Amino acid sequence: MKSSHHFSLQDHNSFNVKAISPTIYFPKTVADLVQLPDLSDKIFYILGDGSNTLFVDYHAPVIIKPDFRGITITETPDSYIVCVGAAENWHHLVCLCIEQGIYGLENLALIPGSVGAAPVQNIGAYGLELSTFCTQVKWFEFSIKKITVLNNKACNFSYRDSIFKQTLHNKGIITEVVFSFPKAWQANVSYAGLSDFSDTPSPKKIMDRVISLREAKLPNPHTLPNAGSFFKNPIVNEQQLKVLKHSYPKIPFYPQGYGLVKLAAGWLIEQAGLKGYRDKGVGVHENQALVLVNYDSEQGEDIVTLARYVQQQVLTKFDVLISPEVRMITTKGEKSFIDLAIYSESK
Ligand code: EPU
């Protein structure tokens, strides 16, 4: 299996901060995975394309970067079944499906990252989440050194979350993701920005619209390093919404059922006066306040400092806690944002 020591991760994280890993492994077959050293009591991180990862410390832990490739398409009378290696590029998959006349993923066009990372945070945009079409995730479990298959229900998908971030965190590696797309396609144009087509648009038209919406709002990580939405949209109860609506009648909200509503973190950050805010080479993007950008810092810590400031300002103004969706990786492994504060103080 390919591996490397003292490996620079700067080109492998979309924030483009400096970080170095003592050892990185690139398993591309199950045999490679079996050969990995025993990591049960080691600190390590599984890296996809690095578009949702922040290396907080210069010294990163051991990295495993899966290199499983290949896309196979089969069909049943009603559906197309698409099996995709974890290291395939997400947007490439979306384009390939549309070209092949397999429809469903068009709303998820242009999301950066690898296919293997997509189920971990159940990627979503423009009214669609991966969980709608993902039927199976193939998973190499370290403890038994074998591939097991998790069906959609077993993945415990919810908003920006899955079992892979919870009980299965660091217990194994996603090798392949399986999708099923009904041949009877239905346009999903409920989201603002997609609802003004005069006729039912083709999947390609929806994809093109999603691409232009994303390009207008979201900075290209190759020209302005960022990790897309830095924070998750917070979920509050109806009582909290009522209080907020009293002071802010225009607050956008999205009912989630069970008396819960999702708020737009970008709106909260903008209303806190932080859109376009800039300090120490990092800042809040000018067109989409949910995105933190790196103008010219080389240190992940600067982005953490900015994120804390943004979180604090929003909490003070609205009494709503926004939490990062970006994953924070330190020398001592992945940390939640709360644990990261304790960790940073102890350094
Ligand atoms: N808004 C503002 N100011 C801002 C940003 C947004 O007022 O700076 C308002 C918008 O006007 C709108 C609401 O907030 O009323 C929601 O904004 P938008 O539709 O742009 O989406 P979002 O909630 O900010 C989410 C996803 C994005 C995804 C878009 C489109 C999360 C954390 N983010 O953003 O995902 O592209 O919806 O579906 O759920 C990502 O995860 O990296 C990502 C970009």
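Student: In which sense do strand β15 and strand β16 pair, and over how many bridges?
Tutor: Happy to start there, keeping in mind that this is a predicted model. Strand β15 covers residues 253-257 and strand β16 covers residues 260-263. Within this pair, Y254 has K262 in β16 as its bridge partner. The sense is antiparallel, over 4 bridges.

Student: Which residue in the hairpin of β15 and β16 takes a positive phi?
Tutor: Look at the turn, where 2 residues sit between the strands. A phi near 55 degrees is found there, and the residue that takes it is Y258.

Student: What is the strand order in the open sheet with mixed pairing, and why is one side of β1 and of β3 left without a neighbour in the sheet?
Tutor: That sheet has 4 strands. β1 (2-8) and β3 (44-46) stand at its edges with a single partner strand each, so each has one side without a neighbour in the sheet. From one strand to the next, the twist averages 25 degrees. The order, then, is β1-β2-β5-β3.

Student: Which residue in β5 is the bridge partner of F44?
Tutor: Start from the strands: β3 pairs with strand β5, residues 62-64, in the parallel sense over 3 bridges. Within β5, the bridge partner of F44 is V62.

Student: Which strands are the edge strands of the open sheet with the order β13-β19-β18-β17?
Tutor: This sheet of 4 strands has antiparallel pairing. At one end, β13 pairs with strand β19 (residues 291-294) over 2 bridges, and N226 stands opposite V293 in β19. The strands that pair on one side only are β13 and β17 (278-279).

Student: Now to the ligand: which residues come nearest among the 24 around it?
Tutor: Let's begin with a polar contact: an N or O atom in the side chain of Y159 is 2.7 Å from an oxygen atom of the ligand. Y159 also belongs to the group that comes nearest. The full group is Y126, Y159, R160, Y191 and E270.

Student: How much of the ligand's accessible area does the protein cover?
Tutor: Two polar side chains are worth viewing here. A polar side-chain atom of R214 lies 3.3 Å from a ligand oxygen, while for N233 the distance to an oxygen atom of the ligand is 2.8 Å. On its own, the ligand has 820 Å² of accessible area, and the share covered by the protein is 83%.

Student: Which element gives the largest share of the shell around the ligand?
Tutor: The elements giving two or more residues are α3 (203-217), β13 (226-229) and α5 (265-271). The largest share is 3 residues, and the element that gives it is α5.

Student: How do the residues of the shell divide into nonpolar, polar and charged?
Tutor: The shell draws at least three residues from each of domain 2 (71-211) and domain 3 (223-346). By residue class, the division is 12 nonpolar, 5 polar and 7 charged.

Terms used: Residues are numbered from 1 along each chain as its sequence is written. This is a predicted model: local features need pLDDT of at least 70, side-chain atom pairs count only at pLDDT 80 or more; totals for chains, interfaces and linings use all residues. Side-chain values use heavy atoms; hydrogens and water are left out. Two strands pair if DSSP finds at least two bridges between them. Axes are lines fitted to C-alpha atoms, for helices over the stretch in contact, and angles run from 0 to 180 degrees between N-to-C directions. A residue is near a molecule or strand if one of its heavy atoms lies within 4 Å of it. A polar contact is a pair of N or O atoms within 3.5 Å; within protein, one must be able to donate a hydrogen and the other to accept it, and residues adjacent in sequence count only if both atoms are side-chain atoms. Accessible areas come from the Shrake-Rupley method with a 1.4 Å probe; for residues, only the protein chains shown count as cover. Ala, Val, Leu, Ile, Met, Phe, Trp, Tyr, Cys and Pro count as nonpolar, Asp, Glu, Lys and Arg as charged, and the others, Gly among them, as polar. Domain bounds come from an automatic or database domain assignment.
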